[in-house]
Every structure is written in C-alpha cells, then in structure tokens.
Amino acid sequence: MSKKTQDIMQDLRYLQLLSHRFPTIAEASTEIINLQAILQLPKGTEHFLADIHGEFEAFQHILKNASGNIKRKVNELFGNQIRESEKKELCTLIYYPREKLELVKEKEEDINDWYHITIHHLVKVCRDVSSKYTRSKVNKILPPEFSYIIQELLHERTEDVDKTNYVSAITDTIISTGSADAFIVAICNVIHRLAVDQLHILGDIYDRGPGAHLIMDTMQDYHSWDIQWGNHDILWMGACAGNEACICNVLRLSLRYANLVTLEEGYGINLMPLATFALDNYGDDPCEEFIPRTLGENTMDDKNRMLTARMHKAISILQFKIEAQLAARHPEWDMDDRDVLSQVDYTRGIITLNGEEYQLSSNHFPTIDPASPTTLTPGERQLMDRLRHSFTVSEKLHRHIRLILRHGCMYAVINNNLLFHASVPLNADGSFKEVELYNGRKFTGMDLMHHIGMLIRSAFESDTEPDERQHAIDYFLYLWCGKDSPLFGKSKMATFERYFLKEKETHKEEKGYYFKLRDNSDVCDRIMDAFGVEGPNRHIINGHVPVHVKRGENPIKADGKLMVIDGGFSEAYHKETGIAGYTLVYHSRGFQLVQHEPFTSARDAILRGTDILGTTQIVEMSTHRMRVADTDRGAEIRLQIADLEKLLYAYRHGIIKESDRRKL
C-alpha cells in the first residue's frame, strides 16, 4: 500500500462524510477549481473601530462611509471625469440614499437626466466594490426585487457597442416604471454591504452616548463582525448577569452624562424607585459634585438637573458600599483600599488616604452609619433589589448581551493581527504577570485572556455550578476596576476621590506596565509570539485609551507594530484629545489609519455633504496587492483543497465510490 493510500485510509471516515457534499469526481473537481480561483481574488477590506461609546449617529456614518473607503473608491474611479462637488454629492447619496433623493427631487429640474447619470455612476461604483468577490457571493446578497437587473448591469459593459442599447434600455425602463428611487436605494445598500468584508469592534459599545441600544440593533443584522469585549461592555454584561456593583456603575455613568435614553427607552429599566429614593434621602442636598455633564444638544432644565444630581449621588454611595462588600468577599483581588467609606471621619468630614488627611468637599451622607459604613440601609436594600430585578428581566438587554457573547471574546488573532481592547498584564521587565481567576488558579498572557472569556460565559450558562457562577458574576467588577484586569490596567479607579476631593494628586490612576512598555518593539514582539501571531508584518491593534494628539502623541507605536485606534466617538473626549479619534482600514493594498474630526449630525451630512473624515495616514502598504491566498481564509481554503484532492484520489482508486444524488 502506497504512502498516499495509507494517508487516505487514515482519513477515510472524514472523506466519506465529505463525499456526501461532493458525490462525484466532477463536483469535487469543480469545487477545487472554484476554490483555487477564490485564492486569487483581492483580499477583502477589514474595518476596525473601537470605543464607540453609544454615539449611534457617528457610528452609523462611519459604517456608511467605511472610514473613507467608499470616498477613496469614488476618487479612484472618477478622478477628473466629474467635478469634486459631484463626487461629494455621489458619496452623500451612497451614504444616505433615501434622504438625499428627497433633496435632489426638490431642486433638480431634469430628474430623468439626473437618474440616468446617477444610476450609471452607482453601477460603476458597485462593479468596483464587487470585484473582490465571486459572482455567486455577490448574487446572494442582492435584493430579490432587483437581483436580475443589478446582475445584468454589473456584468455588461457599455463599452461593448452591441450591449450599449441593451444597458440603456434597462436604465430607461427602471426610470419609466417609477422604480428609480427604489433601485438607487437598493444599489447603495449593496455598495455598503460590499465595501467592507469584515468589521472588527475593539470594545466599548456602551456608556456616555445615548444610542448603544441602537448600535446593537444595527449589529443584529450586520453581515460579518466580531467584537473584543471592552471594559464598558463588561460593565453592562455584569449588570445583565445581576452584579449589583456593575448595576450601580452603569446607572452612575448614565446619570453622570445625563444619558437615560439607553436605560429607559432602550432597555426598559425602571428608574422611578431610584428617583423616589433620591428625593427622600437627598432632597435638601445641593449635590454639587454630582451635577450631570450635559453634552451637545442634551440640555436640561434646573428641576431635572437637580433630580439627576440627587439620583447620581444616591447610586454612587450605593456603589461605594457594594464594591467594598465585594472586595471584602474576595481578598485575592487586593482591593481593600477601595473601601473608602471606612476611611472617612464623618464627624470632621476628613478622609485618610495613604497616611494623609484630606478634607471632603461635602459631608452629607444620610444613608451611612459611621459604625458600619458599608452596610446598606433597609431602603437601599429594597432599592437595589428592584434595580437588580429590572436589569435581569430586560429581554432586549439579554438579547443584546447574548449577541456580544456570540460574536466576541477577550481577544482575536486575525490575518496576523492581534486584537484586544486594552492591555495584557505585564511585570516591570515586560514579562507576563500572573493573575488569579478562581480557587488559587493563576494564568498569564493568552491563557489568562482565554480563561477570562470562559469565566464570563459561565455567568450566563444555566448548567454552571452555583458557586462557580456566583464567582463569575462577582468577577465582572474586578474586570471593570481591578488593578491587574486586562480591561483596566491601572492602580485604582479613583471615583470617590474625583467626586469629593479637590487635591488632584488623589485622582491619579497610575497606568499598568503594558501602557508604559507598549512603545517597546521587543515587548510587542514577545506578546505577539505568546499569542501565536506570525508573519513579518504582524501587529497589535487595540483601543481603550484616547490618543492625545494635542500633546503630540502618535497612535502608531513600537516601530509600527502597535496601533491604538480609540475611536474617540464620545464628545466628552474631544476637548481633551483635539480630535474625534481614529479608525483603521486594512484593504488589499495595506493599512490606512483615518483620523476623524468631530461629527456634527447625519442631517448636516445630508444637507451639506459634510463628512466625519479628517486625514488619512498610510501606515503600511504592501509590495503587492494582497490576495485571499495571503489571509487566514486563504489558509483554510488551501486545507479544503487538500481534502478535496484526497477525495479525488479516493474516487479514482476505488476507495470511495461515486454516487448520483439524482437517483435518491
């Protein structure tokens, strides 16, 4: 028996299963031809976003323009053939077809002529973005009502004299039958779908902005995406699982930014018990430290501002109590210093931190018993029970968290790029730091990330042992603010200090060693080696920390091996950073880092053609146009081809018999 035959016999059971899908030599051969051809197609465009923070309109615009990828296509296709203003109008139409059509029809004198020109331009753009895919894949995503027509227009060239009249007749008929608007909307949606092959979200969909639930609604129908969980996502996941400290943090952040839309309208969280409790206990408190930060058009009258401030203080005190209780229950977290309430002298209004005394900005704590400062009052316990119930029974919140679980984890390695939200715990010398998860079990690096992902999932599985599940639910708080959490990576979260102490030195949250060493090329190489990232052009890509362009900070670090793409979508960051953050595009010619200007509104984009794009920085260009063969998908396809070649051998040598499914 030949070596080849021996190999086939070892894989016989698998090949027999494969033969059900490709029952003849002809079908197996056709699939090999198809797969070999796919390997030669250009690599699909990957789109990287991070730290969206509930800014739905800006997020939606970035999706529609693919961080400038569509604009780049339009410029390449039309060059000097049409004016800049016309290219701008075409891009806006592609981004917002329905809204732009209404404006065009109000001012356009010869709408039929406009339809002819516009449909021709859109077909040209669609033809270009579809060129990276097989005809079969493109056909599958076409809207049924226009599938045949779009196929004909995509694959018939007007340069062919014999086909010119045919193509013109199709366009004339689209217009004469009153289908032009619907067709334009349909083909623009196809362009959106084909402009990006894979979307990577590097964490933090939630908090600050008012539209996190709308972003998650969008992701339910998005064609291909993954997420590496961020600390704010983890906070909401913990709240959904019933972690009371996470629930308090979610509410506190929402109240701090006067953003109750996601809670009340998005997920149906009942805030009336909190409002009633706050008025009963803090009704005469000016709550100056807790006045909400209103952003953009989010304005409040004095009455609502004071109610929000009192709710904000009430939930903050609850948070400090519950966090201290959890830290006491888990001494392995080394978070005893966060029991700040036990370090206050309530008679003098003084707190002692690291041996130093500091005067509190206010000393009104009606729900704190100085003899047992972390004990909840009966009213607080009743309130917490009601809030916990509201989060754990929210069907929409659970559906969205399940979506995040299904599409994500702590890290991913995709096409020689290591993706994670924030950090990998390191020691001072750049070696991996051991972090305890449970029962004394400690992990480092990739193993740590993997086991955290498993622990998080166990919090939502009904068959998890009760003690293990409770530990997993508790651990969400450590992931949010633990000093060795890969999603936090700081010495402490100085929430109490920022509210009650004027001394800035008490607010300092010292960054972990990852953030101090991430500009070191050798450290980045060591991390990528540990995560199995291979290839000469490999990278770490993460977000979490805004890039302070105003201070001269560069988002490209470690000689190009690490890229920080904190999206900076949240308006709260703009004054500090000077920009609205970054997104990253990885197409067949290389990496482009896109720096964004603050987004005004979708309405402004439609009316004036304004865009969110600022400058584009070429990070790394390939010496050749990358093909599918150069990607992870290419490696998988080559394995499929090898298996099919084994099946062909088995057919041709009588090891497996061909069959005709038509006879079945």
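How many bridges join strand 1 to strand 2, and in which sense do the two strands run? The tour starts with that pair.

The model is predicted, so local features need pLDDT of at least 70 and side-chain atom pairs count only at pLDDT 80 or more, while totals for chains, interfaces and linings use all residues. Residues are numbered from 1 along each chain as its sequence is written, and side-chain values use heavy atoms, with hydrogens and water left out.

**Stop 1: strands 1, 2, 15 and 16**

Select residues 46-49, which form strand 1, and residues 198-201, which form strand 2. Helices (H or I, at least four residues) and strands (E, at least two) are DSSP runs numbered from the N terminus. Four bridges join strand 1 to strand 2, and the two run parallel. Two strands are said to pair if DSSP finds at least two bridges between them. Within this pair, Phe48 has His200 of strand 2 as its bridge partner.

Display the side chains of strand 1. Glu46 and Phe48 point one way, His47 and Leu49 point the other way, and all are buried. Buried means under 20% relative accessible area, exposed means over 50%, and partly exposed lies in between (1.4 Å probe, protein chains only). In a regular strand the side chains alternate between the two faces of the sheet.

Next, add residues 582-587, which are strand 15. Strand 1 pairs with strand 15 in the antiparallel sense over three bridges, and His47 has Val585 as its bridge partner there. Extend the selection to strand 16, residues 590-596, where seven of seven residues are buried. A hairpin of two residues joins strand 15 to strand 16, and the two strands pair antiparallel over six bridges. Leu584 stands opposite Leu593 of strand 16.

**Stop 2: from Leu593 to the five-stranded sheet**

From Leu593, move to Ile556: their C-alpha atoms are 9.2 Å apart, although 37 residues separate them along the chain. Ile556 belongs to strand 13 and counts as buried at 19% relative accessibility.

Strand 13 is part of an open sheet of five strands in the order 8-9-12-14-13, with mixed pairing. Strand 8 (411-414) and strand 13 (556-557) stand at the edges with a single partner strand each, so one side of each has no neighbour in the sheet. Select residues 539-542 and 562-564 to see strand 12 and strand 14, which pair in the parallel sense over three bridges. Ile540 has Leu562 of strand 14 as its bridge partner. Helix 25 (residues 521-530) packs on this sheet, touching strand 9 (417-420), strand 12 and strand 14, and its direction makes about 90° with that of strand 12. Axes are lines fitted to C-alpha atoms, for helices over the stretch in contact, and angles run from 0 to 180 degrees between N-to-C directions.

**Stop 3: the three-stranded sheet**

Which order do the strands of the open three-stranded sheet follow? The order is 4-5-6, with antiparallel pairing. Strand 4 (344-345) and strand 6 (356-359) are the edges, each with a single partner strand, so one side of each is left without a neighbour in the sheet. Strand 5 (residues 350-353) is joined to strand 6 by four bridges, and Leu353 stands opposite Glu356.

Select Asn354 in the loop between strand 5 and strand 6. Its phi is near 50°, a positive value in a residue other than glycine. Most residues other than glycine have a negative phi. Asn354 counts as exposed at 79% relative accessibility. Asp334, in the loop between helix 18 (302-329) and strand 4, also has a positive phi, near 55°, and is partly exposed at 46%.

**Stop 4: Asp484**

Select Asp484 in the loop between helix 22 (466-481) and helix 23 (495-500). Is this residue buried or exposed? Asp484 is buried, with a relative accessible area of 18%. The side chain of Asp484 makes a polar contact with that of Lys433 at 3.1 Å. A polar contact is a pair of N or O atoms within 3.5 Å; within protein, one must be able to donate a hydrogen and the other to accept it, and residues adjacent in sequence count only if both atoms are side-chain atoms. Not counting residues up to four places away in sequence, Asp484 touches Pro425, Lys433, Val435 and Tyr478, where contact means heavy atoms within 4.5 Å.
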